[in-house]
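Colleague: Before I set up any calculation on this model, I would like a close look at a single part of the chain, chosen by you. Please start from one residue and work outwards to whatever surrounds that part.

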Amino acid sequence: MEKSKEPGTEYTLISRSEEETKAAAARIVRDATAHNPERALVVALEGELGAGKTQFAKGVARALGITNTVVSPTFLVMRRYGASEVSSIPNITEMYHFDCYRVGSEEEVIALGWEDILAKQGAVVVVEWASRIERILPQDTLWVMIESTGPTERVMNVRY
């Protein structure tokens, strides 16, 4: 088994299907949570429309044992999901899924309780279109840039 990635590292993963993207998402978040036990882990996702950001979020949700249908919260901006007892990511009890595609300012996200969410121990916060709120992201945000390189192939550049 590969050793967990340490903070401050960068690496690239290649996915050849939606299932591989979901599995990679679970692994990336599982590795990162080992180094961030005291507050929410923020995962910033970037990529063109259709690159696989929502598939990544679905992979995190599946690893947490979330059985609800996970869709991009484009018009709601944020959805919260509770993890189940069958979670494969230790110590994570909930997932917040933000989609900032239609967000006009950071204040819109702050008004949703952003600071309280970030302070939660046991939370993972997945943010699609994260560069739109980059000024309010924590310094230790885990960045995942997803690039579509074929009909089903994706390259994920991870910076932690």
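Modeller: I would start at Val 77, which lies in the loop between helix H2 and strand E3. Please keep in mind throughout that this is a predicted model. Although Val 77 is a loop residue, it counts as buried, because its relative accessible area is 14% and the cut-off for burial is under 20%. Its backbone deserves a careful look as well, since its phi is near 75°, a positive value in a residue that is not glycine. Most residues other than glycine have a negative phi. Asn 91 also has a positive phi without being glycine, near 70°, and it too is a loop residue, placed between E3 and E4. Its surroundings differ from those of Val 77, however: Asn 91 counts as exposed, at 71% relative accessibility, whereas Val 77 is buried.

The loop of Val 77 leads into E3, so the sheet is the next thing to consider. Seven strands make up an open sheet with mixed pairing, and their order is E1-E7-E6-E2-E5-E4-E3. Strand E3 (78-82) is an edge strand, as is E1, each of them pairing on one side only. On average, and with direction ignored, neighbouring strands of this sheet are turned by 20° against each other. The partner of E3 is strand E4 (residues 94-99), and the two pair in the antiparallel sense over five bridges; Arg 79, for instance, has His 97 in E4 as its bridge partner. Two helices pack on this sheet. H1 touches E1, E2, E5, E6 and E7, and its direction makes about 155° with that of E1, while H2 touches E2, E4, E5, E6 and E7 and makes about 170° with the direction of E5.

At the other edge, E1 pairs with E7 in the antiparallel sense over six bridges, and Ile 14 has Val 155 in E7 as its bridge partner. In a regular strand the side chains alternate between the two faces of the sheet. In E1, Tyr 11, Leu 13 and Ser 15 form the covered face, while Glu 10, Thr 12 and Ile 14 form the uncovered one.

From the sheet one comes to the nonpolar interior. The largest nonpolar core has 32 residues, of which Val 43, Phe 56, Val 60, Met 95, Val 124, Leu 142 and Val 144 touch the most other members. Among the elements that supply at least two residues each are helices H1 (18-33) and H2 (53-63) and strands E2 (41-46) and E5 (123-128), and H1 gives the most, with six residues. Met 95 is in contact with Arg 79, Arg 80 and Tyr 81, as well as with others including Val 60, Val 124 and Val 126, when residues up to four places away in sequence are not counted. Val 77 itself belongs elsewhere: it is in a second, separate core of 21 residues, which also includes Ala 123, Val 127 and Ala 130.

For side-chain geometry, there are two aromatic pairs in the whole structure. Phe 98 and Trp 114 pair edge-to-face, at 5.2 Å centre to centre and with 85° between the planes; because Phe 98 lies in E4 and Trp 114 in helix H4 (residues 114-118), this pair ties together parts that are 16 residues apart in sequence, and both residues are buried. The other pair, Tyr 101 with Trp 129, is tilted, at 4.9 Å centre to centre and 55° between the planes. It ties together parts that are 28 residues apart in sequence, because Tyr 101 is in the loop between E4 and helix H3 (106-110) and Trp 129 in the loop between E5 and E6. Here Tyr 101 is partly exposed, with a relative accessible area of 31%, whereas Trp 129 counts as buried at 12%. The ring of Trp 129 also has the charged end of Lys 53 over it, 4.2 Å from its centre.

One last residue takes us back to H2, where Gln 55 is found. It counts as buried at 15% relative accessibility, and, leaving aside neighbours within four places in sequence, it is in contact with Glu 18, Thr 21 and Lys 22. The C-alpha atoms of Gln 55 and Ala 25 are separated by 8.5 Å, although the two residues are 30 residues apart along the chain.

Terms used: Residues numbered from 1 in each chain as written. Predicted model: local features only at pLDDT ≥ 70, side-chain atom pairs only at ≥ 80, totals over all residues. Heavy atoms only, no water. Core = buried A, V, L, I, M, F, W, Y, C linked by side-chain atoms within 4.5 Å. Buried < 20%, exposed > 50% of the residue type's maximum accessible area, 1.4 Å probe, protein only. Helix = DSSP H or I, 4+ residues; strand = E, 2+ residues; numbered from the N terminus. Contact = heavy atoms within 4.5 Å. Pairing = 2+ DSSP bridges. Axes fitted to C-alpha atoms, helices over the stretch in contact; angles between N-to-C directions. Phe/Tyr/Trp six-rings, centres within 6.5 Å; stacked < 30°, edge-to-face > 60°. Lys NZ or Arg CZ within 6 Å of the ring centre and 35° of its normal.
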